[in-house]
Amino acid sequence: IKNEIGCTMAKHFHVNTPLLESISMSKHVGTTVFLKMENSQPSGSFKIRGIGHLCQQRATQSKGVVCSSGGNAGMAAAYVARKMGLPATIVVPSSTPQLVVQRLKDQGATVKIVGKVWDDANGEALRLTETEGLTYVPPFDDPLLWQGHASIITEVAASLGPVVKPGAVLVSVGGGGLLCGVIQGLKDVGWTDVPIIAMETVGADCLNAAVKAGRVVTLDDITSEAKCLGAKTVCKKAFECTQSSELTIISELVTDQQALHAVETFLDEERVLVELACGASLAAVYSGLIRRLQDEGRLPTVLGPLLVIVCGGSSIDMKQLANLKHKLQT
Ligand code: PLV
């Protein structure tokens, strides 16, 4: 594939990530655990899968892209735009840590800081789409993103081979794009009987609030420190999937403290640093939530291998980790 300036473009921008068995996590949960290491993607998270795919479909004739983001969608959009030879404008809310703003600039993006939460930044991105004629890159609500993210599951199926099937899949939910992609992937490989555990933090819980209300609702504010899970409204498709009998989706919450503790344990045991948004999923293992779901009969007592999507994230370094510890006083 050639772009406008004649550069040869890769078939896709993401890489096939490692699928690692975690002995220490298996000890915590009492069943085999496989980690899909999306933290090792270019740009630091799974977001590159969907955003790479979307940009290849929509941005080849573009004069530039604009993406609203809590951080990681922006990192992916900036990376892809740079590879495609396009300018990128990334709009982030003021809650985005300075370290992410710097990393976005290092990817060559123009960064605009607008509003308090992602929803505010998104308003500005939509405005720039209109006024500047840029290609809008949504962070989670688009079928092209879900199609790109679905490759996580097809890769896992290829790695595990025909005889092994996960007992459950663990994902973090922000706006629900990753969840929709995982659902798509499970359908693609015929694993619709594999339950999904959809994790959010208290205070960034738009899916859980929707499930409880029985309809899509908008949160008043994002009070969690897991800002990359901080969309006030979950995408309609993700909510609809929780209401359908085609797949089992269990929506669960952990506290910021539990997510932070999970980030630290993961760093100690796996030697990998991920952000709080990812810690929300890991906490399901470390906090005993999986075992509780088994005790409650919501997951089978004898569970097949647990597949953990290690979504990754760039909003973290040792200094930020110390800041979070101080803020959350653990
Ligand atoms: N983060 C989005 C939305 O933020 C963003 O703009 O980067 N894990 C990580 C590390 C993430 O960055 C995100 C999304 C998620 C999980 C959740 O993915 P989603 O939004 O597709 O459910 C407001």
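These are my notebook entries on the ligand site of this structure, which is a predicted model.

Entry one, the surroundings. I looked up which residues lie around the ligand and found that 23 of them surround it, the closest being Ser 69, Gly 70, Asn 72, Gly 174 and Gly 176. Sorting this shell by class, I noted 11 nonpolar residues, 10 polar ones and two charged ones.

Entry two, the polar contacts. I then checked the oxygen atoms of the ligand, and found that a polar side-chain atom of Ser 69 is 2.7 Å from one such oxygen. Backbone atoms also take part: a polar one of Gly 175 lies 2.8 Å from a ligand oxygen, and a polar one of Gly 177 lies 2.9 Å from a ligand oxygen. On its own the ligand has 510 Å² of accessible area, and I recorded that the protein covers 100% of this.

Entry three, the location. I asked where the ligand sits, and the place turned out to be the largest cavity. Helix 3 (72-84) and helix 8 (177-189) are the elements that each give two or more residues to the shell around the ligand. Looking at domains, I saw that domain 1 (19-45 + 142-329) and domain 2 (49-136) each supply at least three residues to that shell.

Terms used. Residues are numbered from 1 along each chain as its sequence is written. This is a predicted model: local features need pLDDT of at least 70, side-chain atom pairs count only at pLDDT 80 or more; totals for chains, interfaces and linings use all residues. Side-chain values use heavy atoms; hydrogens and water are left out. A residue is near a molecule or strand if one of its heavy atoms lies within 4 Å of it. A polar contact is a pair of N or O atoms within 3.5 Å; within protein, one must be able to donate a hydrogen and the other to accept it, and residues adjacent in sequence count only if both atoms are side-chain atoms. Accessible areas come from the Shrake-Rupley method with a 1.4 Å probe; for residues, only the protein chains shown count as cover. On a 1 Å grid over the protein atoms alone, a cavity is a set of points where a 1.4 Å probe fits but cannot get out, and a pocket is an open set with protein on both sides within 12 Å along at least five of seven lines; lining residues have an atom within 4 Å of a point. A molecule sits in a cavity or pocket if more than half of its atoms lie within 2 Å of its grid points. Helices (H or I, at least four residues) and strands (E, at least two) are DSSP runs, numbered from the N terminus. Ala, Val, Leu, Ile, Met, Phe, Trp, Tyr, Cys and Pro count as nonpolar, Asp, Glu, Lys and Arg as charged, and the others, Gly among them, as polar. Domain bounds come from an automatic or database domain assignment.
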